[in-house]
Structure formats: C-alpha cells, structure tokens
Amino acid sequence: MLAAVRVSARRQPQLHTFFRTANCLRLRRSVTTASAEPPSPASEALLFVDSVFPVRFGAWDVRHYIGLFRQEHLLQSLEDILASVKVHGFQVVSLEPQNKDGGVFVRFKYDASSHDDALRDIVKELKAASDENQGLPSWTALKQASGDIWLVQGKPWREDLNRFASPMLKVSFEGPDIREESLYEIFRPFGRVIDLTPPAPGPAGALRSSVVTFRKVRAAATAHNCVHGITVPVAGASTRLHTMYERPLKAHAVRDWITGHPKLVVPVLVFFLGTITYTIFDPIRAFAVEGKMLDWFDYRKSTVYQWIKKNTVERLSIALTSGQDQAGASINANVWKERQDAETEVKAYLSDFPNTVTFVHGPQGSGKSRMLFSLLEDNERPVLTIDCAELYKANSDPALLTSLARQTGYWPVFPFINSLNNLIDIASVGLIGQKAGLSASLDTQVQQMLEVVGTGLKHASAHELQRVEHARSSADAAEERRTEEARRRAALNLGTWHDPRLDCVAGSGVICELGIGDELMRPEDHERGGVYASAGGELGEKNSADEGGSEKQKTPSEVHTLRALPIVVIKNFATKRGQDEVLGVLAKWAAALVTNQVAHVIVVSDNRENAKVLAQALPSKPLHAVALSDADSASALSFVVQKLRETGGDDGLTPEQRQSVERLGGRASDLETLVHKVRSGQRVEDAVEDIISRGVNELRKNAFGEDVEDAKSLAWTREQVWAVLKQLAGAEEISYHDVLLEFPFKGDEAALRSMEHAELITIGTHNGQPVYRYVFERLVADAVFRTTQEIASNTKRIAGAEATVRACEDELRTLSEIQGAVAAARAGSAWWGKKNAAAVRAAYVLKKMQVAESSLEKLEATNAELKKVLSKSR
C-alpha cells in the first residue's frame, strides 16, 4: 500500500512539515513491509484533491449545484496543472469527481523502477506546479490557497447515499483493535484531531469501532476518502479499517429532549407564541383595521378609479346602481315629522366629545338604521359598523370570530388556533398535570380582538387628525394668499400701493424721495385720507362678528379633533340565548371607547330592554337614549301620498283609501310595503288586505307555533297569548295589571315581557305593530281558529276549577273532623255560644266551592256548544 502524503499549496512552517513527513514515512515503511512484492515498473495510484467542490452538508445544501455548473471548467484547470508534471513518468489516467465530499480522485501511472521515492518526488513536483499556478482550482472561482493533494492509502468506497460529511468519523476494525496512539498517527496528517474514543463493542454482529472527531469537516472528508479500506499490521496480524461519517447529533435527539422536558418546553412555547402574537400579528391587525376605517383597501376610493368613473360613467350620464335603493328609500324629514327629533338628538351627540353611549331603539321596521346611515352619509368621519345579527348566525365559535373579523377588518385571523390550543391543554394535563393556558373562552377571544380593533381606531383617529390639520393649514395658507392679493388689488385701485422697485429706479440720497412722492405711506395718512375707511370698517365688523360667534363655539383644534374621531355603530343589539357573553363584551368595549374618548358609539336595538346590558357596562353615566316611534296617521298618510306622487300616481287618496292606510298605522316597513305593492299595480285596499293577511299567517306561526312541539319552545303558552290577543282585538289598550293578575297569567310577568321582546305587544303603549290591531281582529273573527283556542283555554280553566273543587272537598273533610272534635269538647256548654273557627272556614270554603262548580258547569256547557260549532264547520 502507498503512504499518504499531504502537499499544501501554501507553504507551511518547516517544523509542521517535518512532523507530517515523519509520520508519513513511518506509515509508508510499515505498509511497505507488509507488501509481498515490489511495485511494478509501471504502477497506478490514486490522488485525492480536496476543496475543488463544496463539501455537501445535507440534502438542503444547494452549493453543490454551483460545483456541478462549473465542473467541466474546474476539471480542465486541474488537468492542466497535473499535465505539467513529468517526473518518474507521471501520467494522468482519469479524473473522477467526488462532488459530495468536495474533491476529485486522480488516477495516474508512474515509473517506480527508477527511484525508491517516486511517489514522494511526484507529490513534490505537483506541489511546485500548484505554486506556479497560484493554487488549485476551486468552486468559489478563486484560487484556493489551502487546497491539498493526498495520496490514497486504502480502497475508497464511492457511494451516493444520503450520508453527508461531518467532523466525526466512525472507524470500524475488521480484525484486532488498534490502539489509540496508532489511530492518532494514521489520522493526524489529515487535520487536527480534537477527540478520539477507545474501541468499543457495537450491536450483536457488528464490528468494534472508534470515533475520531476532527476540528474541520474537510479533514474528515479527506480522511474518509483516503483511509477507507487500508490494512494496518497489528501484533503479527492485520486489521482492515472501514470509515463512515457519524452524525454529531443523534436522530430525534431534539424531539426526545422536548418530549422529555415538558415542564420547561411548554412555558417557553407559550411565551414564544405570545411574543409572536403581540409583536408581529397585532400591529398588522391594527393596521388592517385602520385601513378598513380609512378605505385604504377600497378600490372605489382610489384616485385612478375616481378618474375613470368621472371620465366614463359620469360623462356618459350612466347612473350607477349602487346607492339608488337607499336614496330612493330615504324619508323626507318634512313628511316624517317624528324622525326630526331623533335626527337632531343624534347630531347633537356627534357634535360633542363622547362621554356616553347613544342607544337608538324602536320597533323593528321603524327605520332606525335607515335614518342613522342616511345621517352618516353626509358625514366625512370614518364609520365602523358591527352587525350583531351576522354574529348570531354563526353556528360555531370560529365562525363567529371570522364574522367579527370580517366586519371590523381584523386580519389575519386564525380561528382554528383555539381548537388546537384546546388539544394542547388536554395533552399538557397528562404531561405536566395542569393546563398550559393556551386555550381561551369565546368572550376572552372576542375581547382580545376588540382591543386590537380599539388600537386600530386610535391610529385611524390620529391619521385622520393629521389629514384634517394638513387640510386646515393648506386652507389657511390659501386664504392668506387670497387676502393678501385682495389687499394688494385694493391698494392698486386706490393708488396707495408702493412698489419697492421704484426705490431702485430713483437711486439713493435725496433723489430717492421720488420713490415715495405723494403716496400715503403712514398710518395717519390712511386715516386722514380715508383710503381704507370703508374697507377697514367692513373688515372690522366681520372680525368682530367672527369673534363674537367663536365665543359660543369650540376652538379650531377641538373642532378638528372632533372631526377626526371615528364613529362605531353596533346594529341589531339584542340578547340571544347562548350569545349573551359576547353581547356583554361588546357593551364593555363600547363603554371603554366613549370613556377614553376614542370614538362615538351608537347602539341600535329593537327593544329598549337591551339597554340594561349597556347600563351595566357604563354604570356611572346615563345612556343617551333616542327613541323612534311609529308615525301618526297624518305623517303616515303624507308619506304614502308623497311616495305615490313621486312615481307619477294620483295626487291624493280617496277617503276609503285613507281609511285603509290608517289601518296599517305608522310603521315604516308596512308603509313602504304598501307603496311597493301600489307601484306594482295593486289597489290600495287590496294591498292593505294583503298586508293584514300576511300578518295573520305570521302571527299564527310566531305566537302559537306551527304544532304542539313547536309551541313548547315558546316562552309563553297558547292560552296566555290568546287571552291577550282577544282583549287587544277589541281595544287598542288594556290594563297591564289586570292582565297580569287574571287567568292564565296569575302573576307570570315573564310571559308578557317575552311577548314584548317578540314584538307581539308593547307594554306601556299599544300593540307591538299598529297593523296588529286589525290582525288581531281578523284572527279573532276566524271561527275555526277562535273556537279551537277557546276550547283549549276553557279546558285549562276547567282543569283549574276541578282542582279548586277537589281542594275544597279535602279541606271540608278536614274541617268536619275538626268541628266534630270541637263539638265533643263543648258538650254541656250553653247552646247560645259563638260559632267556632272551623265553622266559619267551612262556610267560606263552601262558597268558594260553589263558585268553582258554577264556573265549571258554565265552561263545560260553553265547550259543548263550541264543539258543535266546530263540527258544523267541518
């Protein structure tokens, strides 16, 4: 075998070279002694040239593609250097690149008969040739000063497995073990060895091995390609060495450590996730909310879109469809007088800094949202709208969070994270005995989202304030320029303007007085001449008027700050079973916004009872309540007449039509439905009848349920709603307390409140919807439905009367026993004694029993008659 000789392109110190040469000589002698035959006159050997290609550290290492791209050029350059050496018949047979280990195998022929140290001379000449060419070729396109040439001692294993180079080399012994000193002498020439383990046994059937750790990966790669397969004599025997890379880090070591230390890993993971959320995602989400508020992401607000719209659609007089419905449905304030007060109150709230929440309530269909958004259309302030009805439609927590994020502009949102956090918490309980604290309840997640939205509102307010201030400064500068120009023109017209350029023309000294002449330059000249008398008076009066008006108004900075405040509108604010905690979080968030004067908050609800949630969130300040009621008959008629007149209808309504319209009341939704039906070609009377018939069907479904099972889910019984309906069919108003005390309520106030919440009735005023008065009448006039409900109600009353009779009978038996005992105790006393208590109680119970029995007989007779009516109707 051949000894390994290292040749450096950059000359090393003499001591270091001698150290390596001595080792190499010893190796060469030991191996040569083991040879049985001298080398042939024409022998072949292998060289390994390292650092030509990059050493590949893994499948992810893309540097080897650079080497592949430059491979032909590198091999050609290397061949040119090697071809210049002719000593001992040196001749290159082939170049075999080993890209994975960053080197090239050079197979060559040489004449070994002429000199004992032929290989040594060849290496020396190769060294000189590389020095003349300033180093060996390298993949970095630079001459490699540290490139080395090695003689291969063993039989290299050229494989293409995914076993990449590492500084640790596993050396297996096929034969007796080699001592550490011998291993060190074998591997030290390739590079500094920092550790070497003694031979250790492996698994059953495996060879004993040692691990040699180099300082550099390149040294380990060179040793692997030069030493693999070498045969070393050991104590009269021989040992074959097999080398392979050893991973510095065992497979799955990190995973095993993480799973083995959950008490350390889980808190660090929680901290890491929280840090990412608060430092990366929350600022992005706040920016997204700000962009939604200021319409940064709305292409319709862009300058390019506005220019295209102005020069195409508007120029061709093609009206866009967007906004026509709202404009056509807007209600004239002169016609709908009831809405003027509500609009005035909302405007007054928006014209001052927020200190409470405005609660706009009114029956469904009264036009609350339409009035509010028509009022905000003319306002240039940013508006954020949250529709609670969209949140209630969500059938899961992630869907609710996604809906809230879509309405507020909160992005990015990861609704599935909470489910993953729940799984982590469950797993952490089994690992560390407690939850990791990653999962959060729905109200907590909503609160966190709204806090980020609040931050976005603050940024939007600050950005809007900067825009307003910039517009204000630009307007002031433009006004100053206009004022100066007007003053200059007025002076020119009056002949009092002094042009400074005349001073230059007149010169200096006494002659320069010609630049002034008879011009009125001093203030007293102006007063005497009356040049600015009239203009100054007008300006003075204007300024005084402005100052007098500004005393009652806010300062300009306050006005601009107020204009920059955003407006938050929360629609359809209503309690719903299962979503009350979300409503509470929204109420607290709204209270925080107005308390910190971040934004004006307007809450729109169909029921005034929902104000209790807001009052609990803002206990120290009263709510600013704005009520929208139904219009009176005159306003309702004026509204219908105006709408019909706009469509080219009749100028007025006949008395019969007016009477039909009055049956609908003043609900905005019913009046608009009437106008729509009349526009479609129906007569006013037929449209009113159609609306009432539709109301009858809706009332049967909503108040009585479609079937018995559906009726069980209602918050009231059929008997209760029938009792109220029958009384309201005959009168617009009935006494609340009388209804509450009588059958079938018997003090059940929750049923009446539930009816009010469902907008069947309105407690304190009249029917829930004005048209319901005639709907009730129509429903009571239905013979079959009335008979069915009367029978059901009477059956309940009969059951109550029978229960009363049975209770009276039981009490009378008890009283008879008591009275007999009392009579026995009084035996022998005077017959004119007073009546005892048992007798008095018995008389009262008998009267009560008689009343119940009489009512029972009447109800049974009534039911018998009703059943006859029902059988005839079939």
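Select residues 168-174 and 209-214: these are strands S6 and S8, which run antiparallel and are joined by five bridges. Strands are DSSP runs of E with at least two residues, helices are runs of H or I with at least four, and both are numbered from the N terminus. Two strands count as paired if DSSP finds at least two bridges between them. Within this pair, pick Val171; opposite Val171, in S8, stands Ser210.

The model is predicted, so local features need pLDDT of at least 70 and side-chain atom pairs count only at pLDDT 80 or more, while totals for chains, interfaces and linings use all residues. Residues are numbered from 1 along each chain as its sequence is written, and side-chain values use heavy atoms, leaving out hydrogens and water.

**The antiparallel sheet**

Widen the selection to the open sheet of five strands, in the order S7-S8-S6-S10-S9, with antiparallel pairing. Its edges are S7 (193-196) and S9 (231-234), each of which pairs on one side only. From one strand to the next the twist averages 30°. Angles here run from 0 to 180 degrees between N-to-C directions, with axes as lines fitted to C-alpha atoms, for helices over the stretch in contact.

Next, add residues 180-187, helix H5, which packs on the sheet and touches S6, S7, S8, S9 and S10 (237-246). Contact means heavy atoms within 4.5 Å. The direction of H5 makes about 150° with that of S7. Then add helix H6, residues 217-227, which also packs on the sheet, touching S6, S8 and S10. The direction of H6 makes about 140° with that of S10.

**The parallel sheet**

Move to the open sheet of five strands ordered S12-S13-S14-S11-S15, where the pairing is parallel. S12 (383-387) and S15 (624-627) are the edge strands, each pairing on one side only. The twist from strand to strand averages 20°. Select S11 (residues 358-361): four bridges pair S11 with S15 in the parallel sense. One residue to click is Phe359, whose bridge partner in S15 is Ala625.

**The whole protein**

Zoom out. The protein has 33 helices and 15 strands. Of its 874 residues, 39% are buried, meaning under 20% relative accessible area with a 1.4 Å probe, protein chains only.

Which helix gives the largest share of the lining of the largest cavity? Select residues 718-730: helix H28 supplies three residues, the largest share. Among the lining residues are Leu699, Met755 and Phe776. A cavity is a set of points on a 1 Å grid over the protein atoms alone where a 1.4 Å probe fits but cannot get out, and lining residues have an atom within 4 Å of a point.

Definitions and conventions
Buried < 20%, exposed > 50% of the residue type's maximum accessible area, 1.4 Å probe, protein only. 1 Å grid on protein atoms, 1.4 Å probe; cavity = no way out; pocket = protein on both sides within 12 Å on 5 of 7 lines; lining within 4 Å.
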